[in-house]
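Here's a quick look at some aromatic side chains and how their rings sit together. Have the structure open as you read.

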Amino acid sequence: MIAREWKCRVPEVHSEGFTVYLYETGIKDSSATTGFLGAQIFRRSLSGKIELTLITYWDNLDSIKTFAGNDISQARLYPEDEVYELEPDLSVQHYEVIEHQFV
């Protein structure tokens, strides 16, 4: 399993709206892609901003290419991101998942 990590920051005022938008764009597009295994969104407060981390889980790198394109190190952004004053990381990280347990 491969974990794909992407981070962004938004002003606190846009936090709830962007979280809904993130679900409607990134999560829905990911989950419609063959090889998608799941997702998590993490949130933490910074000074006047909210940082969101999206982790998606995939069966292999080829599945990620289907979603993200050939350069899987580049973030997949959406046209309306700027409405939320988004400060996105332009690259993503990938990790081989070697342990996965939830109780």
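## One turn of a helix

Phe18 and Tyr21 sit three residues apart in helix H1 (residues 15-31), so about one helical turn separates them. Keep in mind that this is a predicted model.

Both residues are tucked away from solvent by the usual cut-off of under 20% relative accessible area. Phe18 is buried, with a relative accessible area of 1%, and Tyr21 is buried too, at 9%.

## Reaching across the chain

Phe18 also pairs with Tyr84: the ring centres are 5.6 Å apart and the planes meet at 65 degrees, so this one is edge-to-face. That pair ties together distant parts of the chain, as Phe18 belongs to helix H1 while Tyr84 lies 66 residues away, in the loop between helix H2 (61-68) and strand S4 (87-88). Is Tyr84 buried or exposed? With a relative accessible area of 17%, Tyr84 is buried.

## The wider set of rings

How many aromatic pairs does a search of the whole structure find? It turns up five. One of them joins Phe18 and Tyr21, whose ring centres are 5.8 Å apart with planes at 50 degrees, so that pair is tilted.

Put the pairs together and you get a cluster: Phe18, Tyr21 and Tyr84 are linked through their ring pairs.

Notes
Residues are numbered from 1 along each chain as its sequence is written. This is a predicted model: local features need pLDDT of at least 70, side-chain atom pairs count only at pLDDT 80 or more; totals for chains, interfaces and linings use all residues. Side-chain values use heavy atoms; hydrogens and water are left out. Rings of Phe, Tyr and Trp (its six-membered ring) pair if their centres lie within 6.5 Å; planes under 30 degrees apart count as stacked, over 60 as edge-to-face and the rest as tilted. Helices (H or I, at least four residues) and strands (E, at least two) are DSSP runs, numbered from the N terminus. Buried means under 20% relative accessible area, exposed over 50%, partly exposed in between (1.4 Å probe, protein chains only).
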